[in-house]
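User: I've got a model open and want to know what's behind the labels people put on it. Can you walk me through the reasoning?

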Amino acid sequence: MSLTIEQRRQHRLETIEKSLSKRHRKENTFRRLGLVAVLTGLTLVAILFASILSKGVPAFWQATLYTEVTFDPDVIDIAPKPERQEGETQYAYDERMTQWLTQAGLVNWQSLIDASLEQALGEEVEPRQLRDLRALVASGERYALRDRFTEDPSLLGETVSLKMLASADVDVWVKGNIDRDLPDARLQLSPQSRAWVDVLQEQDVLRQSFSTSLFMNTDSRSSLASAGLAGAFMGSLFMMMVVISLSVPLGVSSAIYLEEFAPKNRLTDLIEININNLAAVPSIVFGLLGASIFIGYLRLPLSAPLVGGLVLTLMTLPTIIIATRASLRSIPPSIRQAALGIGASRVQTVFHHVLPLALPGILTGSILGVAQALGETAPLLLIGMNAFVANVPGSPMDQSTALPVQIYLWQGNELRNFFEARTSAAIIVLLGLMLSLNALAIWLRKKFETRW
Amino acid sequence: MNVTKKTLSVAVVAALGAGVSSVAMARDTIQIAGSSTVLPFASIVAEEFGNTYSQFNTPVVGSGGSSGGLRQFCQGVGENTIDIANASRPIRQSEVESCGENGVNDILEVKFGYDGIVFASRLDQNSFELTPEFVFKAAAAQLPQDGELVDNPYTNWSDIDDSLPDQEITLVIPASNHGTREVFEERVLHAGCDTVAEVEEDACNNLRGDGRIVEIAGDYTETLARLDAQQNAVGVFGLSFYDQNRDRLQVATMDGVEPSLETIGSGEYPVSRPLFFYVKGEHLDVIPGLAEYTEFFLNDMTSGYGSPLEDAGLIPMDEGERQEQLEQFESRTVVSAE
């Protein structure tokens, strides 16, 4: 009943052949699935970027009026700017200054803008049409005019060429973000205003110009066209300063201690597990914690980047600790043994030999942690950073918003036609910041990378 | 690694110092929170206030809804509590009590105008001529049929009344965290409820749970997005929001009256509500500009006829009513806990 050797060989070969084709088939399927997954991911990213860029890029250019404004002495009928006299106290001088500024605030600056537009249009504008005329210019421009004058009162009587932002409605109309065929009642601009827009465009007074206001101004509600990111940017900057100065030293030193010095026992195991757990806690929980501890108990101010930074520090710490520990662990033990072998103390071993080699990994981990914190929104909503703030914060204690929160606020603005684009523009700015942070992380890793 | 040590200690000292100094520092910016209906206009006032008074900072205006704002307001007295709560409804007795428990006793109420609630559908969809009765019948949990209450049988608007378009009922309404919800219930549901004798007074607010009523906890932008997703839905908006998005929305008439500044101001359009803000009296002498802000808010130039208040789509109070509010504030009349 025994088979010949040749027969057995044949049988084995057949079995192998059968299983081989099956294995090949499996491998091919897996490869194709992988490729499909990558392509799907790439397509989705491409769609996301295309939609954000196509919406947001036009918002970097804004309808702007190039006009001549005369600082008419008949309109600006106020005392000369006070100068500090000898022997006058700072307080008295400030008092006089405030009075003068208040007086300057009462000047009808809008009428100067009206006059300059009237000139540009080349026609008399009747008083009843003033509303239509004023609908063309961003309402914040009158304060810009006032500030220009109070800084340089010698402008009195002069005629200056100025760039003024057109109102948000005009921007929407010029860019075609609203259906032009809709009946009058459904359009924000009146027929008269629209006719004037055409005239101004024809004369090249109204044209698209790069929107510096997007970067230089703070958020605005009364003058939508001049809403900008300056306040949110500074707020984010202060928060990141707090996050970096707290979470990096704290995170790196606790990682070094846990990895290099701490005894391995149940307590350190427990700590390690909990650090990993902490990394998985949803960010909004940190927001709730921050609201009750930092604001409720420690009585820190509401809406302050300091509190935001503290909350985000809590969120970033586990990320940095885990990244640092992984990076320390990847340093071969031979380095430590060699250092100890020639008589270095443990502290010397760590700080002179291990840490420099682990630095690229630590930096990458920290930067990615900070980048994540930069884009975080949810916890900030709970500590009042979603407020409308029209000041640029001067310190981490001043009220402020942050870039991602500003995006959230703008996407909720009522004037959808204008703010859809503005929101996407803000997203582009934030993404740009993130990408440069990530690029920095890659560059640092490449620069300090050691091979052995 | 001396550098690391140094930066570490510097950072820790800086952070500690920052924390301590903030506690000692006095806040000089007015802090406001509350109703998202009031927020756009309050922000405009804040900005204009900051621009007009060079000696004061521009107040900071947060959202959080009427209830959220009043809850923050009642958290206590001190620099890290808000100074003003915006509300699209009057303060409740329970809130006055909780304020009192935390030491907030001088609650100064200021009414500054009205807001209209409108029903709107997408511009490319059917238009609606509604009455409170129709809306109630579309939204109620139970309705009488052949003498007994059954689960709401209507699925199409045209089932309710022949004048309504023949399309599925989907109604997008604000969730209960909104001040708007209260007006919707009082002025629309209850008014409609009264026309259906069989439904008990207590059951007027019970809404059907079969997915035809969509509650939105976010702001009106979310309601608008919902209308893009469910194109034949009817949404509840503030008049101001509708006004800014007339190129996308068409408004429904209520009892044959189209909502506008005029019809709401005259009371012809039935669904409107007063808007308030509450000032913390204890903060008046502590936070600079608080009294000036309130007076600026009630100024004719800010909230009278032809003012930014109208531009923001809200309805101004008449001269006498505004003066009355101003006098009430100046005499520091507080809301009393009964």
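Analyst: Let's start with Q62(A), which stands opposite S209(A) in strand 3 of chain A. This is a predicted model, with local features needing pLDDT of at least 70, side-chain atom pairs counting only at pLDDT 80 or more, and totals for chains, interfaces and linings using all residues. Residues are numbered from 1 along each chain as its sequence is written, while chains are lettered from A and ligands numbered from 1 in the order in which they are written.

User: How do you know that strand 1 and strand 3 of chain A pair?

Analyst: Strands are DSSP runs of E with at least two residues, helices are runs of H or I with at least four, and both are numbered from the N terminus. Two strands pair if DSSP finds at least two bridges between them. Strand 1 (residues 61–70) and strand 3 of chain A have 5 bridges, in the antiparallel sense, so they pair.

User: What makes strand 2 and strand 3 of chain A edge strands?

Analyst: Each pairs on one side only: that goes for strand 2 (159–165) and strand 3 (206–210) of chain A. The open sheet has 3 strands in the order 2-1-3, with antiparallel pairing.

User: Why is helix 2 of chain A called oblique to helix 5 of chain A?

Analyst: The axes of helix 2 (residues 90–105) and helix 5 (residues 141–151) of chain A come within 10 Å and cross at roughly 140°. Axes are lines fitted to C-alpha atoms, for helices over the stretch in contact, with angles from 0 to 180 degrees between N-to-C directions. Under 35 degrees counts as roughly parallel, over 145 as roughly antiparallel, 65 to 115 as roughly perpendicular and the rest as oblique. The angle falls in that last class, so helix 2 of chain A is oblique to helix 5 of chain A.

User: Which residues make that contact?

Analyst: Helix 2 of chain A brings L101(A), A104(A) and G105(A), and helix 5 of chain A brings R146(A), F149(A) and T150(A). Contact here means C-beta atoms, placed from the backbone, within 7 Å.

User: What makes it 3 nonpolar, 2 polar and 1 charged?

Analyst: Ala, Val, Leu, Ile, Met, Phe, Trp, Tyr, Cys and Pro count as nonpolar, Asp, Glu, Lys and Arg as charged, and the others, Gly among them, as polar. So L101(A), A104(A) and F149(A) are nonpolar, G105(A) and T150(A) polar, and R146(A) charged.

User: How many residues do the two chains bring to their contact?

Analyst: Chain B gives 45 residues and chain A gives 43. On the chain B side, helix 2 of chain B supplies the largest share, 10 residues.
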